[in-house]
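The exercises below are meant to be worked through with the coordinates open, and each is followed by a solution that proceeds step by step.

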Amino acid sequence: MHRLFHNATVHAMNPATGWTPQGQWQSHSMAHPNALLTSGDRILAVGDYRELKDQAPLGTERTDLGGGFVMPGMGDGHIHSAMYSRSLIEPDMRHCTDLDSALAVLRPFVERAMADESITWIFGGQWNINAWTTTELPDRHVLDTVAPDLPVALSSLDLHTLWLNSKALQELGLDRTVKDPDGGEFERYEDGELTGVLREAAAIPIRDGLMQSDVSGDIDSYLPLGQRELLKRGITSIHDIDGVDCLHAYRKLRERGELDIRVHKILRQEQIHEFIRRGIRTGAGDEWISMGPLKLFADGALGSHTCHMSEPWPGTQDHGMSVMEPAELDHWIHLAAAAGIASAVHAIGDQAASEALNAIATTSSISRAFGLRHRIEHAQYIKRGDVPRLRELGVTASMQPMHCTSDMPMNGFLEGRDLVAYGWNSLRAAGAELVFGSDAPVEDPNPFQAIHAAITRTRDGLPEGGWQPHETITRPEAVDYYTHAVARASYEENLKGCLAPGMLADFVCVDRDVFAEDAQAVRDTAVRTTVVGAQIRYQRED
């Protein structure tokens, strides 16, 4: 099947025709293409409509793109797609400003569950205590006032803390006798009883276990909801962080012919021995589902002050939390690398980033032999001396621009510290590889909002001139980190990331030229059409 997509300004972003991420269109005498000819799921040609029309064989299907602007399909280099899909149908407390408003969001979900025997747990949350205007703290007793008889487990916005009610603690068999795990904490009252708040290594295994159990509902039913929302935002490829149940669900979608986005599946620590036994390596798979790196946690999160910092938080001796000690980090990275599996290390604090780089350095010879591309997930704070090490070790910084603008109110502690913070420009200048994503459901997965954050470092127009404006990047660079860089991070730069003959026909048609509009207009970009494998997977209804 041949298709001719036409009546659009095509930003092919193809280096072979003069495009560079620095924003230079070298072939000034060449007009932008206005059409793409596809064969099967691949691009056959990109060029002038009149010429491609003459090249197209009889029976070619024509699609008028209505004068829109075409770019390569957007990728998301870090997304919890199952959690994001669930968040569309769960209580969402991210906009709550106090405990009462959070409970008000929860109340109708409890009422619905009490009337429906099939609902045995309530999940959701995205509560952000850093945005609350009162000093009231979450605990199990306040949840009990709304849900005394139904177990409730609510994740914080950063997904590193769980808020449980008494019924949930009871169902999980958790009481005052439980011991804190390494790298985690069961918060307690003065008398030793559990408050219902769990942090880091105490929270994450329970959260993941619940999400992959029968009580979480049918992932096969809600994953398509998230897929639809991602296509609506122009996303054609994702690097998924969620569990093996998510992998199985995507495979079932594919078997039914309903998988519309390409999935690079990051592997979880609890399944790695099985993957090694089966001989699965990073990059294995095909153009629809491929295997990614092993996800490891070096530290916690900023919002809970559990990210591991080299200097303590102001006024304390608290350096945050090392979820995985250096020796353990070394062990897992070496184990995976020896099996041909790269590692993606969650490291938000600067000390965690240093320890991750140290561990990756010990496997450099093995990594080169297998061609592994290790990653640091988030890389929010990096010691200035560690910046060039990412290029030297071939480590990709997997970053989320929206975290920068969301976290600005919490970054006062950086004053006087010689750290690179959300430093995509510093890393770029040092020659490091970057890839952008959303960390949804922590942030909205809209890539155009994130591109706006990357080029302005503002939120709602503030601060004027941007927060640490020396770290802004150009819009071609930001777009590149959402397209070609996402493809490179999944070892697929020869398949997607630009629009050129032989590449997969994955592209998005939007309502404006993001390379020419002002920054605010970029943020408000609307997707008209999303095409994956030359098939229209989303079409805006005007």
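Contact here means heavy atoms within 4.5 Å, and angles run from 0 to 180 degrees between N-to-C directions, with axes fitted to C-alpha atoms. The model under study is predicted.

**Exercise 1. State the strand order of the open sheet of 8 strands, and find which helix lies across E5 and E19.**

Step 1. The order of this open sheet of 8 strands reads E5-E11-E12-E13-E14-E15-E17-E19, and the pairing is parallel.

Step 2. Strand E5 (74-79) and strand E19 (433-436) are the edge strands, and since each has a single partner strand, one side of each is left without a neighbour in the sheet. On average, and with direction ignored, neighbouring strands are turned by 25° against each other.

Step 3. At the E19 end, strand E17 (residues 396-399) runs parallel to E19 and is joined to it by 4 bridges, with alanine 397 standing opposite leucine 434.

Step 4. The helix sought is H17, which lies across E5 and E19 and runs at about 75° to E19. Elsewhere on the sheet, helix H10 (residues 326-338) lies across strand E13 (289-297) and strand E14 (343-347), at about 160° to E13.

**Exercise 2. Describe how helices H16 and H17 pack, giving the angle, the axis separation and the residues that meet.**

Step 1. Helix H16 (residues 447-456) packs against helix H17 (residues 475-482) at an angle of about 135°, and their axes are 9 Å apart.

Step 2. Angles over 145 degrees would count as roughly antiparallel and those from 65 to 115 as roughly perpendicular; the two helices, H16 and H17, are therefore oblique to each other.

Step 3. The crossing in which H16 passes H17 is right-handed.

Step 4. From H16 the residues Pro447, Ala450, Ile451, Ala454 and Ile455 take part, and they meet Arg475, Ala478, Val479 and Tyr482 of H17.

**Exercise 3. Which residues have the most contacts inside the largest nonpolar core, and what does tryptophan 424 touch?**

Step 1. The largest nonpolar core has 103 residues, and those with the most contacts inside it are Tyr250, Leu329, Tyr381, Trp424, Leu427, Leu434 and Phe436.

Step 2. When residues up to four places away in sequence are not counted, tryptophan 424 touches a set that includes Met399, Pro401, Cys404, Leu434, Phe436, Ala453 and Ala454, as well as Gln400, Arg457 and Glu471.

**Exercise 4. Trace the open sheet of 7 strands, and decide whether the faces of strand E20 are covered or uncovered.**

Step 1. The strand order is E3-E2-E1-E4-E20-E21-E22, with mixed pairing. Strand E3 (42-47) and strand E22 (535-539) stand at the edges, and because each has a single partner strand, one side of each is left without a neighbour in the sheet. The twist from one strand to the next averages 35°.

Step 2. Strand E2 (residues 35-39) pairs with E3 in the antiparallel sense over 5 bridges, and alanine 35 is found opposite glycine 47. Helix H7 (residues 219-232) packs on the sheet, where it touches E21 and E22, and its direction makes about 90° with that of E22.

Step 3. E20 is joined by 4 bridges to strand E4 (residues 61-72), the two running antiparallel, and valine 70 stands opposite cysteine 509. Another 4 bridges join E20 to strand E21 (residues 527-532), again antiparallel, with valine 508 opposite threonine 530.

Step 4. In a regular strand the side chains alternate between the two faces of the sheet. In E20 (residues 507-510) both faces are covered, for Phe507 and Cys509 on one side and Val508 and Val510 on the other are all buried.

Conventions:
Residues are numbered from 1 along each chain as its sequence is written. This is a predicted model: local features need pLDDT of at least 70, side-chain atom pairs count only at pLDDT 80 or more; totals for chains, interfaces and linings use all residues. Side-chain values use heavy atoms; hydrogens and water are left out. A nonpolar core is a set of buried Ala, Val, Leu, Ile, Met, Phe, Trp, Tyr and Cys residues joined through side-chain atoms within 4.5 Å. Buried means under 20% relative accessible area, exposed over 50%, partly exposed in between (1.4 Å probe, protein chains only). Two strands pair if DSSP finds at least two bridges between them. Angles under 35 degrees count as roughly parallel, over 145 as roughly antiparallel, 65 to 115 as roughly perpendicular and the rest as oblique. A crossing is left-handed if the near helix is turned anticlockwise from the far one by less than a right angle, and right-handed if clockwise.
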